[in-house]
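User: I should like a close look at a single part of this model, followed outward to the parts around it. Please give one connected account.

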Amino acid sequence: MLKKFFISIKLKNCIILILGSLILAFGMYNIHSVSGVTEGGTLGLTLFFENIFGISPAVTGFLLNAACYIFGIKTLGKDFLIYSAISTAGFSIFYKVFECFPRIYPEIASYPLLCAVLGAVFVGVGVGLCVKAGGAPCGDDALAMSLSKLTKIKLQWVYFLSDITVLALSLFYIPVSRIIWSLLTVVISGQIIGLIAKEKHTHTSES
């Protein structure tokens, strides 16, 4: 029975999920967590809890995402949940490993525009690869899909509202000037995720 449950899971997708989680964790640890330029959604919330309460994103990331997946379990397929579990665990493990080493270039915090763009690239590529493989390292997707279904609000507006809410909370530890850069990184990372994930949907529609 267990074999039947995992029979549709592909090794190639798992490798892509692990790679995406690695890229995401690297960017979050070396750029976002030191720059004052944050992300929206659960990624932004992990940084909020780290800066306000001193709780590692390796812990809050796993807990927040698990809560989102449980909330949206009725609207998601089995494969998505399995792939998302792999990428979520991968992010937490890789982030914890990176915490054992000093940040590569902490002085990058002095260049907010560079942080916004470079951070968005790591987040966009990391999350985009995971989405392309059929999962997500964050629970935003599960939560957004569920809320969209319950409220009848279009999915893109659910994402936008969640990002704005998280950025508003981030004002507790990030100056307004830095929030502007955060808005920039949210927009850029979202576009990158869309471009990478679009290839998956294109191939699906052609097959």
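How many residues does helix α5 have, and how far does helix α5 reach from its first C-alpha to its last? Please then place helix α5 among its surroundings.

Analyst: The model is a predicted one. Helix α5 covers residues 78-98, which gives 21 residues. From its first C-alpha to its last, helix α5 reaches 30 Å, close to the 30 Å expected at 1.5 Å a residue.

The setting is a protein chain with 9 helices and 0 strands. Read from the N terminus, the order of elements is therefore α-α-α-α-α-α-α-α-α. The protein chain has 207 residues, and 45% of them count as buried. Among contacts between residues at least 6 apart in sequence, 79% join residues at least 24 apart. The accessible surface comes to about 10900 Å², and 74% of that area belongs to carbon and sulfur atoms.

Within α5, the buried residues are F80, I82, Y83, S84, S87, T88, G90, F91, S92, Y95 and F98. Their spacing may be read against the geometry of the element. An α-helix has 3.6 residues a turn, so residues three or four places apart point the same way. F91, Y95 and F98 are buried members of α5, and these three residues also belong to one aromatic cluster together with F26, Y29 and F122.

The structure holds 9 aromatic pairs. One of them joins F26 and F98 edge-to-face, with 5.7 Å from centre to centre and 75° between the planes. This pair links distant parts of the chain, since F26 lies in helix α2 (residues 11-35) and F98 in helix α5, 72 residues apart. The two partners fall into separate accessibility classes: F98 counts as buried because its relative accessibility is 17%, under the 20% limit, whereas F26, at 24%, counts as partly exposed. Y29, another member of the cluster, has the charged end of R103 over its ring, 4.2 Å from the ring centre.

Helix α5 also contributes to the largest nonpolar core. That core has 15 residues, and those touching the most other members are L24, M28, L43, F91, Y95 and V123. Two or more residues come from each of α2, α3, α5 and α6 (112-132), with α2 giving the largest share, 4 residues. In soluble globular proteins, nonpolar side chains tend to be buried together. The contacts of L24 show how the core is joined: beyond residues up to four places away in sequence, L24 touches L43, F91, F122, V123, G126, V127 and P137. Another core, of 10 residues, lies apart from this one and includes L17, I23, I82 and C130. I82 is also among the buried residues of α5, while F91 and Y95 belong to the largest core.

Helix α3, one of the contributors to the largest core, can be described in similar terms. The end C-alpha atoms of α3 are 18 Å apart, in agreement with the 18 Å that its 13 residues should span at 1.5 Å a residue. The buried residues of α3 are G41, T42, L43, G44, T46, L47, F48 and E50. G54 follows α3 and has a positive phi, near 70°. L45 is also found in α3, at residues 41-53. Leaving aside neighbours within four places in sequence, L45 is in contact with L64, V166 and L169. The C-alpha atoms of L45 and S170 are separated by 8.2 Å, although these residues are 125 apart along the chain.

Helix α6 contains L129, which is buried at a relative accessible area of 18%. Not counting residues up to four places away in sequence, L129 touches I16, L19, G20, I23 and I196. I23, in turn, is among the members of the 10-residue core. L129 and I18 are 111 residues apart in sequence, with 9.2 Å between their C-alpha atoms.

Further along the chain, I164 has its place in helix α8 (residues 155-170). I164 is partly exposed, with a relative accessible area of 36%. I164 and V186 are 22 residues apart in sequence and 9.7 Å apart from C-alpha to C-alpha.

To return to the part requested: α5 has 21 residues, provides F91, Y95 and F98 to the aromatic cluster, and is among the elements that give two or more residues to the largest nonpolar core.

Definitions and conventions
Residues are numbered from 1 along each chain as its sequence is written. This is a predicted model: local features need pLDDT of at least 70, side-chain atom pairs count only at pLDDT 80 or more; totals for chains, interfaces and linings use all residues. Side-chain values use heavy atoms; hydrogens and water are left out. The expected span of a helix is 1.5 Å times one less than its number of residues. Buried means under 20% relative accessible area, exposed over 50%, partly exposed in between (1.4 Å probe, protein chains only). Contact means heavy atoms within 4.5 Å. Accessible areas come from the Shrake-Rupley method with a 1.4 Å probe; for residues, only the protein chains shown count as cover. Rings of Phe, Tyr and Trp (its six-membered ring) pair if their centres lie within 6.5 Å; planes under 30 degrees apart count as stacked, over 60 as edge-to-face and the rest as tilted. A charge sits over a ring if NZ of Lys or CZ of Arg is within 6 Å of the ring centre and within 35 degrees of the ring normal. A nonpolar core is a set of buried Ala, Val, Leu, Ile, Met, Phe, Trp, Tyr and Cys residues joined through side-chain atoms within 4.5 Å.
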